[in-house]
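Here's a quick briefing to read alongside the structure. It goes through a ligand shell, one helix and a few backbone oddities.

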Amino acid sequence: MDLGPQGAVKDGAIDPAKDVAHLIHPYTNLDAHASRGPVVIERGEGAYVFDSNGKRYLEGMSALWCASLGFSERRLVDAATRQLATLPYYHVFNHRSHPAAIQLASRLTAIAPEGLNHVLFANSGSEANDTAIKLAWYYNNALGRPKKKKIISRWGAYHGVTIGAGSLTGVPAMHADFDLPIANVVHAEMPSWYHGARKGESREAFAARMLSSFEALVEREGPETIAAFIAEPVNGSGGGVILPPPGYFEGIQRLLRKHDILLIADEVITGFGRTGRMWGCDHFGIRPDMMTVAKALSSAYMPISGTLVSDAIHDAMKAESRKIGAFAHGVTYSAHPVCAAVANETLKIYEERDIVGHVARMSPRFAERLAALREHPLVGETRGIGLLGAVEIARDKAERKPFDAASGVGPYIQARAMEHGVIVRAIRDCVAVCPPLIVDEAQIDELFDGLRSALDDAREWVLEKGLA
Ligand code: PMP
């Protein structure tokens, strides 16, 4: 075989047999992969990526909800290169620091929700949420409340895959066989009106019922045993873009305050303008004690995440570390200089180009094109905010009934969309869209045109197979 410099075959194709032989793919049916082989993405340009056959796709998911500035932002390449040439690696353990870390910590806390003035960096959203669990425990140990340790998460939440974050994640398939969740993690209901409302129940009545169910859970577990509650302001990949019903977060926060329970906001998807405001929290009056960020922090060009904490938590951390001698936590690549430099440049670009304002300006077109899909015979509901949306596929629209789980309608739509040149994401029978924040109106149209064609194909397929 005629291999190019990186092992690529010179005609531009990649040997899929090597992928199948050696590369383990996350979130993939590993058995099916052996016969299907990989879709190899070779390069990116703006909001588009190109596969090894040269086919172009509009990346309607920003890859994994992350490549906010698209796939060819030169300034990020230059920022990484400059940092690599100056100081490719250093750490922030034991009183050491470096300019990129200091700049990023101050830049990030300056735009963070009020009161979150301190940040601890790591590499992934999972680590940021694991850190948040540890800090909730550390905080209560520092305050002399060793029993206050449970973390409430929600069914359908996605907070990552590590042992702690994977326990917070409320997706049963991610617990089964991995021996999760760990002790001290409890799940509340996800307030998804479409999936959970009773017949004729208004969104307000549904929110009230979710709140009393939450209060009952807190009482059952014992508030004195509960350290924190974690939630995505808008749930992303676990439940399929679930927006909170009216009054939900207000009610939750009243309860948390009453029982001295910390609120952790997971802004890994919703942060940095995705929703048309800087933070998902900004839409719902959420005042978190901790907040986790990743993905768009560096436009995903380098792996970096952060756990931001309030002054009160930071004070407790200082007091406890004085007692013990050190704050005994951290990873080698915490505030990695190259990642931090790229994140700094990303945040500069957001500000200079008013990316949050751009998303707000693009949102009406996105919302209009998304809502228009409700007329489609396969669509039970559409949900969205900013440049984040989902289409719920239904077998019976009026009854809000999904297709049989095994029917594979969602994955079929995802595959057809790729044929039509757009990448969307099937979460069971919900189809999510989350394009780069730099898209223009023509690209929003292109995304929804492709998705509509895929839905039309699926309608025919469903009728042919007798699934409807
Ligand atoms: N939180 C949320 C809301 C996420 O969507 C994700 C990843 N999709 C994570 C945490 C975990 O991030 P990572 O995959 O970087 O560990």
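Before we get to packing, one definition: two residues are in contact if their C-beta atoms, placed from the backbone, lie within 7 Å. Keep in mind that this is a predicted model. With that in hand, let's start with a helix that bends, then move to the ligand and the loops.

**Helix H15**

- H15 covers residues 355-372, which makes 18 residues. From its first C-alpha to its last it reaches 25 Å, close to the 26 Å expected at 1.5 Å a residue.
- There's a bend of about 35° in H15 at Met362, and Met362 is also among the helix's buried residues. A proline, Pro364, follows within four residues of the bend.
- The rest of the buried set in H15 is Ile355, Val356, Val359, Phe366, Arg369 and Leu370.
- What do the buried residues of H15 pack against? Their partners are two helices, H14 (337-352) and H17 (441-464), plus two strands, S11 (379-385) and S12 (388-393).

**Around the ligand**

- The shell around the ligand holds 16 residues, and the ones that come nearest are Ser124, Gly125, Ser126, Gly160 and Val268.
- Two elements give two or more residues to that shell: helix H3 (62-65) and helix H6 (125-142). H6 supplies the largest share, with 3 residues.
- If you sort the shell by class, you get 8 polar, 6 nonpolar and 2 charged residues.

**Backbone oddities in the loops**

- Leu180 and Pro181 are joined by a cis peptide bond, with omega at about 5°. Pro181 sits in the loop between helix H8 (172-175) and strand S6 (185-188).
- His95 isn't a glycine, yet its phi is positive, near 70°. You'll find His95 in the loop between helix H4 (74-86) and helix H5 (99-111).
- Is His95 buried or exposed? His95 counts as exposed because it has 5 C-beta neighbours inside 10 Å, and the cut-off for exposed is 12 or fewer.
- Val241 is another non-glycine residue with a positive phi, near 55°. Its place is the loop between strand S7 (226-231) and helix H11 (248-258).
- Val241 has 27 C-beta neighbours inside 10 Å, so Val241 counts as buried; the cut-off there is 20 or more.
- Put side by side, these two positive-phi residues land in opposite classes: His95 is exposed, whereas Val241 is buried.

Conventions. Residues numbered from 1 in each chain as written. Predicted model: local features only at pLDDT ≥ 70, side-chain atom pairs only at ≥ 80, totals over all residues. Near = placed C-beta within 6 Å. Nonpolar A, V, L, I, M, F, W, Y, C, P; charged D, E, K, R; others polar. Expected span 1.5 Å × (residues − 1). Bend = angle between axes of the 7 residues up to and from the residue.
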